[in-house]
Amino acid sequence: MHCAPPFQAASSATTRGVGISMAHRERHRSERIGWLRAAVLGANDGIVSTASLVVGVAAADATRQDVLIAGVAGLVAGALSMAAGEYVSVSSQADTEQADLKRERHELATQPEAEEDELTGIYVRRGLDPALARTVARQLAAGGALAAHARDELGLTEELAARPLQAALASAATFAVGAGVPVLTILLAPASALLVAVVAVSLVCLVALGATAASVGGAPMSVGAARVAVWGVLAMLATAAVGRLFGTVVG
């Protein structure tokens with residue numbers, strides 16, 4: 001469920017009404033927020049949680065097989081958990097959007113004059129004189145009243161509409177890719193340097209992920225890299241301490 005249809009209808013109706021050629025299409029970074037958030041969150045969680053898990057197990061002097069089992073189990077469980085959590089969370093957002101649209105649709109059907117006044121007031125507050133604001137409100141409503149109110153009153157747009165399935169699949173896939181980093185490291189690293197290799201490779205990938213995500217989002221790459229690296233180091237240090245402590249106590 002999402003709110004794309006009303007927005008799309010308004011866009012095409014407006015274009016037909018004014019007859020303007022849309023040859024120039026600007027793309028803004030805000031259009032990437034939905035998938036970028038899910039992708040970065042999934043990959044970051046995949047690396048940090050799985051690397052931290054295997055570091056904790058390895059610190060308890062477990063065998064390579066035990067560490068590998070822990071890593072694969074963490075990958076599968078984490079990917080499914082991310083998908084379920086993201087789907088439920090974004091579905092709740094989509095439900096809220098649909099409820100708001102349903103209410104707006106009812107108000108448009110029962111109180112069209114009041115809704116026109118409301119839209120006019122929005123444009124007046126944005127700087128238009130009342131007469132022009134009234135004209136704009138009527139013309140936009142003629143091309144799709146629900147879409148006009150969704151965009152200008154509720155702040156709902158096609159680019160930022162909630163897409164639960166897309167978010168769930170992106171989170172699960174990127175978590176699995178991120179979690180695959182420490183798992184592959186376990187398979188390829190020498191047994192004597194397993195712990196160090198997992199930490200080093202995971203940190204390098206976290207720094208690259210943070211820098212890339214910051215660059216795509218238009219933020220400084222160094223800031224993005226530092227954010228994920230610091231939290232990754234803290235997580236792995238904490239689980240290593242737990243593994244060492246409990247491994248010693250049990251042993």
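**Close-up views of an all-helix predicted model**

**View 1. T50 in helix α2.** T50 is found in helix α2. The model is predicted. At 1% relative accessibility, T50 is buried, because the cut-off for that class is under 20%. A polar atom of the T50 side chain lies 2.8 Å from the backbone oxygen of G46. Leaving aside residues up to four places away in sequence, T50 touches D45, G71, G74 and L75. T50 also touches F175, A179, P182 and V183 under that condition.

**View 2. The largest nonpolar core.** Eleven residues are shown here: A51, V54, V55, A58, V67, I186, A189, L194, A197, V198 and M236 make up the largest nonpolar core. Two elements give two or more residues to this core: α2, spanning 33–59, and α7, spanning 194–217. Helix α2 provides the largest share, four residues.

**View 3. A189 and its contacts.** A189 belongs to the largest nonpolar core. Residues up to four places away in sequence are not counted here. On that basis, A189 touches R64, L194 and A197. Two of these partners, L194 and A197, are also listed in the core.

**View 4. A second core.** Another core lies apart from the largest one. This other core has five residues. Among them are L119, I122, Y123 and A137.

**View 5. A nonpolar patch on the surface.** Y87, V88, L165 and L169 form this patch. Together they have about 420 Å² of accessible area. Helices α3 (64–110) and α6 (164–188) each supply at least two residues of the patch.

**View 6. L165 within the patch.** L165 sits in helix α6. Is L165 buried or exposed? L165 is exposed, because its relative accessible area of 55% is over the 50% cut-off. L165 is one of the residues that form the nonpolar surface patch.

**View 7. The whole protein, for orientation.** The protein has eight helices and zero strands. Along the sequence, the pattern reads α-α-α-α-α-α-α-α. Of its 251 residues, 37% count as buried. The accessible surface of the protein comes to about 13900 Å². Carbon and sulfur atoms account for 66% of that surface. Among contacts with a separation of 6 or more, 75% join residues 24 or more positions apart.

Technical notes: Residues numbered from 1 in each chain as written. Predicted model: local features only at pLDDT ≥ 70, side-chain atom pairs only at ≥ 80, totals over all residues. Heavy atoms only, no water. Buried < 20%, exposed > 50% of the residue type's maximum accessible area, 1.4 Å probe, protein only. Contact = heavy atoms within 4.5 Å. Areas by Shrake-Rupley, 256 points an atom, 1.4 Å probe, with all protein chains shown as cover. Patch = residues over 30% accessible without salt bridge, like charges linked within 9 Å, V, L, I, M, F, W, Y side chains within 5 Å. Salt bridge = Lys/Arg side-chain N within 4 Å of Asp/Glu carboxyl O. Core = buried A, V, L, I, M, F, W, Y, C linked by side-chain atoms within 4.5 Å. Polar contact = N/O pair within 3.5 Å; in protein donor to acceptor, adjacent residues only side chain to side chain.
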